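Here are some notes for your review of this model. They are set out as numbered points and can be read beside the coordinates.

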Amino acid sequence: HEHTNFGSIVSRLWKHGFGCFLIMDRFLVPVNGGWHHKMYEAQSSGGILKNVDVFCAKPYDPDVRAIVEGFSTSSLATQARDIAFSALEDWQSKIPSSVPSLREVYDVDSMKVWANGSEGRSFLVIDLMLHGYGAQPTPTDYAEAHTLSKDKHYPQTLATRARCYHFGLCGPWTGVNRSAALELYSKSAKMSP
């Protein structure tokens, strides 16, 4: 029988691709993938693992960043959010992405032909290229989606292009541009029936 202390449990979870955090009072503490410290368990130093909640997730899960943001609100642990995000980046560098590429899952080229000339269909293809929906878009997919959104044969709603700039979802080369987003949102609102 394997000894099942906290360290061995989170180590096992790490082997299956999960990063884990201790849930503290309004902040998260990374505890596996090289982030565990024996002091967490040491009774002589008031170890914190007597009764603690743990949150584990795949480091590539897009919701993890929002969870870290939501839990990291302590005014006493001002760098906790940055530490948690550093752990996520570290874990992502150590665990290969198990998410297939967009083109491994979808026949994007056939979908582009299907969408040609239809605003509704082109919106779906461009949205797929930006978000993946079960697949990981590449920087090339982001760039192509941005190019298609400007192509007269692939009309896209102004509101969708605005969202692209609002959240920086058009690829790393656009980033967040609130001014461009507001301008496109405004134009979109004026065109609405």
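1. Once its neighbours within four places in sequence are left aside, Ile67 is in contact with Leu28 and Phe55. The model is a predicted one, and within it Ile67 belongs to helix H2. Between Ile67 and Leu28, which stand 39 residues apart along the chain, the C-alpha separation is 9.5 Å. Ile67 has a relative accessible area of 28% and is therefore partly exposed, since the partly exposed class lies between the 20% limit for buried and the 50% limit for exposed.

2. Ile83, a residue of helix H3, can be read in a similar way. With neighbours within four places in sequence again set aside, its contacts are with Pro30 and Trp35. Ile83 and Pro30 are 53 residues apart in sequence, while their C-alpha atoms lie 8.0 Å apart in space. Because its relative accessibility is 39%, Ile83 counts as partly exposed.

3. The two helices that carry these isoleucines also deserve a look as a pair. Helix H2, residues 64-71, packs with helix H3, residues 80-94, at an angle of about 160°, and the axes are 9 Å apart. H2 is therefore roughly antiparallel to H3, given that angles over 145 degrees are placed in that class. The crossing by which H2 passes H3 is right-handed.

4. Which residues of H2 and H3 meet? From H2 come Val64, Arg65, Val68 and Glu69, and from H3 come Arg81, Ala84, Phe85 and Leu88. The residues of this contact of H2 with H3 divide into five nonpolar and three charged, with no polar ones.

5. Turning to the N-terminal part, Ser8 is placed in helix H1, which spans residues 6-15. Its relative accessibility is 16%, so Ser8 counts as buried. Ser8 and Asn32 are 24 residues apart in sequence, and from C-alpha to C-alpha they are 9.8 Å apart in space.

6. For anyone checking backbone geometry, Arg26 may be worth a second look, as its phi is near 70°, a positive value in a residue other than glycine. Arg26 sits in the loop between strand S1 (19-23) and strand S2 (28-30). With a relative accessibility of 42%, Arg26 counts as partly exposed.

7. In helix H5, residues 108-115, are the buried residues on the same side or on opposite sides? The buried residues there are Val108, Lys112 and Ala115. Because they cover an arc of only 65° around the axis, they are on the same side of H5. Gly117, just after H5, also has a positive phi, of about 90°.

8. As for the chain as a whole, the model contains nine helices and three strands, and along the sequence these follow the pattern α-β-β-β-α-α-α-α-α-α-α-α. The chain has 193 residues, of which 35% count as buried. Where contacts join residues at least 6 apart in sequence, 60% of them link residues at least 24 apart. The pair Ile83 and Pro30, at 53 residues apart in sequence, and the pair Ile67 and Leu28, at 39 residues apart, can be read against that background.

Key: Residues are numbered from 1 along each chain as its sequence is written. This is a predicted model: local features need pLDDT of at least 70, side-chain atom pairs count only at pLDDT 80 or more; totals for chains, interfaces and linings use all residues. Side-chain values use heavy atoms; hydrogens and water are left out. Axes are lines fitted to C-alpha atoms, for helices over the stretch in contact, and angles run from 0 to 180 degrees between N-to-C directions. Helices (H or I, at least four residues) and strands (E, at least two) are DSSP runs, numbered from the N terminus. Angles under 35 degrees count as roughly parallel, over 145 as roughly antiparallel, 65 to 115 as roughly perpendicular and the rest as oblique. A crossing is left-handed if the near helix is turned anticlockwise from the far one by less than a right angle, and right-handed if clockwise. Contact means heavy atoms within 4.5 Å. Ala, Val, Leu, Ile, Met, Phe, Trp, Tyr, Cys and Pro count as nonpolar, Asp, Glu, Lys and Arg as charged, and the others, Gly among them, as polar. Buried means under 20% relative accessible area, exposed over 50%, partly exposed in between (1.4 Å probe, protein chains only). The arc is that of the directions from the helix axis to the C-beta atoms.
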